[in-house]
Amino acid sequence: MADRFEATPTPLPGLARLVRKRMGDHRGWLERLFCADELKAAGWTWPVAQINRTLTNRRGTVRGMHFQRAPHEEAKLVTCLKGEVFDVAVDLRFGSATFGRWHGTYLSGENGASYLIPPGFAHGFQTMTDDVEMFYIHSAPYAPGAEDGVRADDPALGIDWPLAITERSERDMSFRDFSAMTGRNET
């Protein structure tokens, strides 16, 4: 059977944008959200430990930038089922040539795209529409003591959010700056 995922690498090694190939006829269509064998070629080599679904009500909301600290790092396969988001990953792998750089892509219920985010990246998104539903596949279970993040509006990261930020959680606003996380003093 033909591969149902088209993988496009990004400038950040290990981070890939996937497009699901829909198969359909006059009745509608089917698209595969996950297949371990087919996704191996795109870089997914981890077990599936957890699957989550979220709803974000308001356009312009930013969630993130989230990650789990060692030894609980996780890979994520992120999919937008309804609405549209600008989805961002930041390379937090110390020693990586792209450490501290971010890459963003648009995911929507219409474009059939997902983001394959390897361990060592922070992840977040901004909703481009109201009532956005997201679907996440995680390689590790949630570990409350290992959850962490960096501020989505940190000038040191320079994430170019497409819209003015309308909402964030108190937790996300309380994340430290990237420079505090790395021990650097950026001015």
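How many bridges pair β7 and β12, and in which sense? In this predicted model, the two strands pair over six bridges and run antiparallel. One of the residue pairs along this stretch is L77, whose bridge partner in β12 is I137. On its other flank, β7 is joined to β10 by four bridges, again in the antiparallel sense, and here K76 finds its bridge partner in I117 of β10. Strand β7 covers residues 76-82, and five of its seven residues are buried, so the strand is largely enclosed by the rest of the structure.

Zooming out, these strands belong to an open sheet of six, ordered β1-β2-β10-β7-β12-β5, with antiparallel pairing. The edges are taken by β1 (5-9) and β5 (50-56); each has a single partner strand, so one side of each is left without a neighbour in the sheet. On average, neighbouring strands of this sheet are turned by 25 degrees against each other, direction ignored. Further along the order, β2 (residues 16-20) and β10 (residues 113-117) pair antiparallel through four bridges, with V19 matched to A113 in β10.

Back in β12, which spans residues 132-138, I137 is worth a closer look. I137 counts as buried because its relative accessibility is just 3%, under the 20% cut-off. Setting aside neighbours within four places in sequence, its contacts are F34, W44, V48, Q50, I51, A75, K76 and L77. L77 thus turns up in the contact list of I137 and also as its bridge partner across the β7-β12 pairing. M173, by contrast, is 36 residues from I137 in sequence and 25 Å from it in space, going by C-alpha atoms.

Next door, H138 also sits in strand β12. With a relative accessible area of 7%, H138 is buried as well. Its side chain makes a polar contact of 3.0 Å with the side chain of N52. Beyond residues up to four places away in sequence, H138 touches W44, P47, V48, A49, Q50, N52, E74, A75 and K76. W44, V48, Q50, A75 and K76 appear in the contacts of I137 and in those of H138 too.

Just ahead of β12, the loop between β11 and β12 holds D131. Its phi is near 55 degrees, a positive value in a residue other than glycine. D131 counts as partly exposed, because its relative accessibility is 35%.

A second open sheet has five strands, in the order β9-β8-β11-β6-β13, and its pairing is antiparallel too. Here β9 (102-108) and β13 (147-149) stand at the edges with a single partner strand each, so one side of each has no neighbour in the sheet. Neighbouring strands are turned by 30 degrees against each other on average, direction ignored. Within this sheet, β8 (residues 84-91) and β11 (residues 121-127) run antiparallel and are joined by seven bridges. D87 stands opposite F125 of β11.

Strand β6 (residues 62-68) of this sheet carries M65, and the peptide bond leading from G64 into M65 is cis, with omega near 15 degrees. Another cis peptide bond links A70 to P71, with omega about 5 degrees. P71 lies in the loop between β6 and β7.

Then there are the aromatics, where the count comes to seven pairs. In one of them, F86 and W161 have ring centres 6.2 Å apart and planes at 85 degrees, so the pair is edge-to-face. This pair ties together distant parts of the chain: F86 is in strand β8, while W161 is in the loop between β13 and α2 (170-174), 75 residues away. F86 and W161 are both buried. They also belong to one aromatic cluster, together with W102 and Y106. Elsewhere, W29 has the charged end of R22 sitting over its ring, 3.9 Å from the ring centre.

Definitions and conventions:
Residues are numbered from 1 along each chain as its sequence is written. This is a predicted model: local features need pLDDT of at least 70, side-chain atom pairs count only at pLDDT 80 or more; totals for chains, interfaces and linings use all residues. Side-chain values use heavy atoms; hydrogens and water are left out. Buried means under 20% relative accessible area, exposed over 50%, partly exposed in between (1.4 Å probe, protein chains only). Contact means heavy atoms within 4.5 Å. Two strands pair if DSSP finds at least two bridges between them. Axes are lines fitted to C-alpha atoms, for helices over the stretch in contact, and angles run from 0 to 180 degrees between N-to-C directions. Rings of Phe, Tyr and Trp (its six-membered ring) pair if their centres lie within 6.5 Å; planes under 30 degrees apart count as stacked, over 60 as edge-to-face and the rest as tilted. A charge sits over a ring if NZ of Lys or CZ of Arg is within 6 Å of the ring centre and within 35 degrees of the ring normal. A polar contact is a pair of N or O atoms within 3.5 Å; within protein, one must be able to donate a hydrogen and the other to accept it, and residues adjacent in sequence count only if both atoms are side-chain atoms.
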